[in-house]
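I opened this model to look up two things. I wanted the DNA contacts and the metal site.

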Number of protein chains: 2
Amino acid sequence: MLSFSEENYLKAIYHIEKLQSNGVSTNAVAEKMDTKASSVTDMLQKLAEKRLVIYKKYKGALLSAKGKEIAISVIRKHRLWESFLVNKLNFSWDEVHDIAEQLEHIQSDELINRLDAYLGFPKVDPHGDPIPDKDGNIAKQEKIKLSNLKETQQGILVTIKDSSDDFLRYLDKKSISIGSTIKVIAIEPFDKSILVKIGKKELMITENVANNLLVKEI
Amino acid sequence: MLSFSEENYLKAIYHIEKLQSNGVSTNAVAEKMDTKASSVTDMLQKLAEKRLVIYKKYKGALLSAKGKEIAISVIRKHRLWESFLVNKLNFSWDEVHDIAEQLEHIQSDELINRLDAYLGFPKVDPHGDPIPDKDGNIAKQEKIKLSNLKETQQGILVTIKDSSDDFLRYLDKKSISIGSTIKVIAIEPFDKSILVKIGKKELMITENVANNLLVKEI
DNA sequence: ACAAATATTTAGTTATATCTAAAAATATAT
DNA sequence: ATATATTTTTAGATATAACTAAATATTTGT
Ligand SMILES: [Mn+2]
Ligand SMILES: [Mn+2]
Ligand SMILES: [Mn+2]
Ligand SMILES: [Mn+2]
């Protein structure tokens, strides 16, 4: 039985690992966890002792098979609870993350598997992120940044990369949601801002926004 | 923001207070929490410092208004989650307590109030215990021990006093559930065992069982 | 290759929550 | 009333998970 803190570290390492190929640095974890590097070192040593990460001094950490399995199970729980909050309790997608941060640590396989069934085995959470199944398999999503599309191309929004409350509320305001079809009308060479068409409306979005909208090209 | 441990102590004190009129003794709390008296003393001092209990050395503790409010809110969460687990996720009533012990510490008023609404504002949990409303009001239940009924009297089962898994499974096996009408046919003077009629079946129960079945006389 | 900058670890401190053993207060029984 | 038993508190220890400051290792730029 791991502490909340240990589980959160494993999850953070998992997310950072996906962005790089080398070992996850102490500082990267410290930034993600909003803590100090020295605290991270302590925890990495403890997790290494428990064989949940492979850790070499000054060289960073990588999840072991067991560590990865736990990280994925925490992510599964997080995303299923977010789905429950949105689909059953009618929370909006910008309100659920902090509550799911708590719920993801509830220990009961039976609970999470029944919740999964109750929700109809959803494939993605309210932000379009894939939900690992009970064996830890994660469906591969075909997705590219909207900013990689060229003029006249279009895509279906599948995932929000930045799930901050502010960004999610911006999207609500502009009526952009998972499943929206987005067509690139024109790209401004000066600042890479993009004129897009969503439904019947045309809309100007910044490059930053376009970098955080992951679409499946159609 | 209180720790899980502080919340659990407040809940334990609340439950013990209801059984007695005087201050709650250190030992009583230690037994309920399955911990040592010295640990309880530490915690009572801390809770007194935070004005959640009124504590006099060697004289035990009583909840302050604020402490009582928190205890009731934890109990509300516990019972609502138990209701969710049974009514929505189809757990049986003997499987939900331990999971609710974890869920009761999730911090979000919005969550618990939406859950309450989602469940249709249930008045009692799966064991017949009353669920406090969001203002902390607890509906008063008219209930007496089945063992207090005399021959030929009958009652409707409203609450299970001992909610241990073993007792709940015993009741399942005998098809006794909340709402069952139970009629006292005969009381054996020697050991106070009772012959009861439930539905169409007659059944012999021990005095101990009868003490843990709380009924509304009809 | 070396100095400077940066990243990481170590050492020592704090806070929480537990424990055991000993001391002190209270309750009980003759 | 006084000895004995019981309950409760205190003192001191351990484990977890943070922190700051200092030491050390690694990386970068010239
Ligand atoms: Mn989230
Ligand atoms: Mn999400
Ligand atoms: Mn319970
Ligand atoms: Mn209950």
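My entries on both follow.

**Entry on the DNA.** I note at the start that this is a predicted model. I began with the surroundings of DNA strand C, where I found 21 residues. Those that come nearest are A:Tyr55, A:Lys57, B:Ser3, B:Thr35 and B:Lys46. Sugar and phosphate make up 76% of the strand C atoms that come within 4 Å of the protein.

I then asked which elements supply at least two residues each to this surface. In chain A they are α2 (26–33) and α3 (37–49). In chain B they are α1 (4–17) and α3 (37–49). By class, I listed 11 polar, 5 charged and 5 nonpolar residues.

**Entry on polar contacts.** I looked up three distances to strand C. A polar backbone atom of A:Tyr58 is 2.9 Å from a phosphate oxygen. B:Ser5 has a polar side-chain atom 3.2 Å from a phosphate oxygen. B:Ser38 reaches a base: an N or O atom of its side chain is 2.9 Å from a base oxygen.

**Entry on the metal.** Which protein donors hold the manganese ion (ligand 2)? I found A:Glu82 (OE), A:Asp125 (OD) and A:His127 (ND1), at 2.1 to 2.4 Å. Their spacing along the chain reads E-x42-D-x1-H. A:Glu82 sits in helix α4 (residues 65–87) of chain A, and A:His127 in the loop between α6 (109–118) and β3 (144–145) of chain A. The pair is 45 residues apart and links distant parts of the chain.

I checked exposure too: both A:Glu82 and A:His127 are buried. A:Glu82 also coordinates the manganese ion (ligand 1), which is 3.5 Å from the manganese ion (ligand 2).

Terms used:
Residues numbered from 1 in each chain as written. Chains lettered and ligands numbered in written order. Predicted model: local features only at pLDDT ≥ 70, side-chain atom pairs only at ≥ 80, totals over all residues. Heavy atoms only, no water. Near = heavy atom within 4 Å. Polar contact = N/O pair within 3.5 Å; in protein donor to acceptor, adjacent residues only side chain to side chain. Helix = DSSP H or I, 4+ residues; strand = E, 2+ residues; numbered from the N terminus. Nonpolar A, V, L, I, M, F, W, Y, C, P; charged D, E, K, R; others polar. Donors = N, O, S within 2.8 Å, 3.2 Å for Na, K, Ca; no water. Buried < 20%, exposed > 50% of the residue type's maximum accessible area, 1.4 Å probe, protein only.
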